[in-house]
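Work through the exercises below with the sequence and the structure open. Each task is followed by a solution in steps.

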Amino acid sequence: MQPLIGDEVVVDKVDVIVIGAGASGLMCAATAAYRGKKVLLLDHANKAGKKILMSGGGRCNFTNMDAAPKHFLSDNPYFCISALNRFSPQDFVDLVDRHGLEYVEKTPGQLFCEHSAKDILAILLTELDWSGAELKLNTKVHDIEFQDKQTVLKTSQGEFACESLVVATGGLSIPTMGATGLGYDIAKQVGHSLLPTRASLVPITVQPDRKGQLAALSGIACDVSATANGVTFQEPMLFTHRGVSGPAILQITNFWQPGEALSINISPTLSLKDLFDIRQNTPKKSYEGILSALLPKRLVELIKVDFPWLTERSAQTSNEQVECLFQYLANFDISPNGTEGYRTAEVTLGGVNTNEVSSKTFESQKQTGLYFIGEVLDVTGWLGGYNFQWAWASGYCAGLHV
Ligand SMILES: Cc1cc2nc3c(=O)[nH]c(=O)nc-3n(C[C@H](O)[C@H](O)[C@H](O)COP(=O)(O)OP(=O)(O)OC[C@H]3O[C@@H](n4cnc5c(N)ncnc54)[C@H](O)[C@@H]3O)c2cc1C
């Protein structure tokens, strides 16, 4: 870095400063440095990429081969299109292939590390090293001053000046991993508007009177369909000691908020007609036996509390009873209370208004030389590797312009 003599202090000057050494910041810093830019990547944490390390159950679901704009939520649904086209899942796969990463496709399109999320972070840090970008950890940003031709940052490690400042500070989820609202504060400082933020891809808690009953099911999972605001996900749901989690629940929290209607169908493949047909075709069989083939035993035990007649031969049941059972299964009562919040959420919905940022360069329309990338923007992906794909794509595209 070139020292600049200011009035009182020596200021190190670089072309680009990126705040946040997470997924998008690492990608952006390396891309810019490969172009010959002098890049300084700052993070207040003692380690880069902490969320990468804890992602995907420790194996990082690093992309989704089917990633398309429809998998992202934003006040401006068109904003993500350009970057997703310019840096595709295949582009990221090509990158990890060059490093010999071993990976697996768990469900169609969803790519995970074969061994550990550490492998993805190691690739990004290698790229950063090869690109010549400098990484400074344990660096707190105290103040940012936007001047005519440069931006000056006062930090716990001294003052730095740059032509381009990239904000890659992520969302608010998991504060213990280093999440802060700094990116939103910088956006507000230059007059950006923010879309309301809330924890998402997050477990749902249940109301106290239902919690006791459902806690007995803690640890078991079953396929459900979860529906809110006209959107349905058919994936597994997991009972926890606080409420419910698992892919179906995490996915629906992108579309559901406490107080709104949420419908959980615990036998999504079974129609009312199926239930009547079963009675017709196997009259000696009990509905308990039929449900036991479809649902975990402990869940059937819970259902029996409300439907003691389940143990009887199906031929002895009335149409009303069968209809009642169907309604119970199709609208299973989880009595949602709220969510576990930012403590366990994978992402933050909302953020910097994408109508005020260029979708090509990621430069702010309020402040020349200021860029926003990754999750700090109001762009949130579904569960399944989409959020990392957004981080790579936005980081790469901004890295080409800073
Ligand atoms: C438990 C968990 C599992 C996940 N699993 C997946 C998955 O498998 N697949 C997927 O696609 N997505 C997953 N995600 C989401 C994904 O991790 C994020 O969407 C992605 O990391 C966002 O990238 P980012 O660069 O915007 O922010 P981050 O990766 O969060 O990086 C932000 C960086 O900014 C730094 N920072 C914050 N505030 C400051 C400050 N004041 N000063 C300096 N530095 C600061 C942080 O320390 C951090 O290093 C998961 C998230 C969590 C929490």
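## Exercise 1: The annotated spans

Task: State where the unreviewed UniProt entry places the Rossmann fold-like domain, and describe that span in the predicted model.

Solution.
Step 1. The unreviewed UniProt entry places the feature "domain: RsdA/BaiN/AoA(So)-like Rossmann fold-like" at residues 15-399.
Step 2. The model is predicted. In it, residues 15-399 are 31% helix and 24% strand, and the C-alpha atoms at the two ends are 12 Å apart.
Step 3. A second feature in the unreviewed UniProt entry, "domain: RsdA/BaiN/AoA(So)-like insert", is placed at residues 198-347. This span is 35% helix and 23% strand, with its end C-alpha atoms 9 Å apart.

## Exercise 2: The chain as a whole

Task: Find how many helices and strands the protein chain has, and what share of its residues count as buried.

Solution.
Step 1. Counting gives 13 helices and 21 strands in the protein chain.
Step 2. The C-alpha trace spans about 90 × 40 × 35 Å along its principal axes.
Step 3. The protein chain has 402 residues, and 54% of them count as buried.
Step 4. Take the contacts with a separation of 6 or more: residues 24 or more positions apart account for 72% of them.

## Exercise 3: Two domains and what lies between them

Task: Give the bounds of domain 1 and domain 2, then describe the area buried between domain 1 and domain 2.

Solution.
Step 1. The domain assignment gives domain 1 as 2-198 + 348-399 and domain 2 as 203-339.
Step 2. The C-alpha centres of these two domains lie 40 Å apart.
Step 3. In the contacts between them, seven residues belong to domain 1 and nine to domain 2.
Step 4. The size of an interface is often given as the accessible area lost when the parts come together. Here the area buried between domain 1 and domain 2 is about 670 Å², and carbon and sulfur atoms give 57% of it.
Step 5. On the side of domain 1, Arg-198, Trp-382 and Leu-383 supply 75% of the area buried against domain 2, more than any other three residues.

## Exercise 4: The two sides of helix 9

Task: Which residues of helix 9 (residues 272-281) are buried, and which exposed residues are on the face turned away from the buried side?

Solution.
Step 1. Leu-275, Ile-278 and Arg-279 are buried in helix 9.
Step 2. Seen down the axis of helix 9, the buried residues fall within an arc of 95°, so they line one face of the helix.
Step 3. The face turned away from the buried side carries the exposed residues Lys-273, Gln-280 and Asn-281.
Step 4. The cover over the buried residues of helix 9 includes helix 10 and helix 12 (319-330).
Step 5. Ser-292 is in helix 10 (residues 287-292). The side chain of Ser-292 reaches the backbone oxygen of Glu-288 at 2.7 Å. With a relative accessible area of 38%, Ser-292 is partly exposed.

## Exercise 5: Two threonines in loops

Task: Locate Thr-354 and Thr-139, and say which side chain each one makes a polar contact with.

Solution.
Step 1. Thr-354 is in the loop between strand 19 (347-352) and strand 20 (370-372). Its relative accessibility is 1%, under the 20% cut-off, so Thr-354 counts as buried.
Step 2. The side chain of Thr-354 makes a polar contact of 3.3 Å with the side chain of Ser-74. Leaving aside neighbours within four places in sequence, Thr-354 is in contact with residues including Asn-76, Phe-79 and Asp-378.
Step 3. Thr-139 is in the loop between strand 8 (134-136) and strand 9 (141-146). Thr-139 is buried, with a relative accessible area of 2%.
Step 4. A polar contact of 3.3 Å joins the side chain of Thr-139 to that of Gln-157. Beyond four places in sequence, the contacts of Thr-139 include Leu-42, Asp-43 and His-44.

## Exercise 6: Positive phi outside glycine

Task: Is Cys-60 buried or exposed, and where is it placed? Treat Asn-138 in the same way.

Solution.
Step 1. Cys-60 is not a glycine, and its phi is positive, near 45°.
Step 2. Cys-60 is in the loop between helix 2 (50-54) and strand 4 (61-64). At 0% relative accessibility, Cys-60 counts as buried.
Step 3. Asn-138, also not a glycine, has a positive phi of about 50°.
Step 4. Asn-138 is in the loop between strand 8 and strand 9. Asn-138 is partly exposed, with a relative accessible area of 46%.

Notes. Residues numbered from 1 in each chain as written. Predicted model: local features only at pLDDT ≥ 70, side-chain atom pairs only at ≥ 80, totals over all residues. Heavy atoms only, no water. UniProt positions renumbered as here; feature names shortened; annotations may be inferred. Helix = DSSP H or I, 4+ residues; strand = E, 2+ residues; numbered from the N terminus. Buried < 20%, exposed > 50% of the residue type's maximum accessible area, 1.4 Å probe, protein only. Polar contact = N/O pair within 3.5 Å; in protein donor to acceptor, adjacent residues only side chain to side chain. Arc of directions from axis to C-beta. Contact = heavy atoms within 4.5 Å. Domains from an automatic or database assignment. Buried area = accessible area lost by both parts, 1.4 Å probe.
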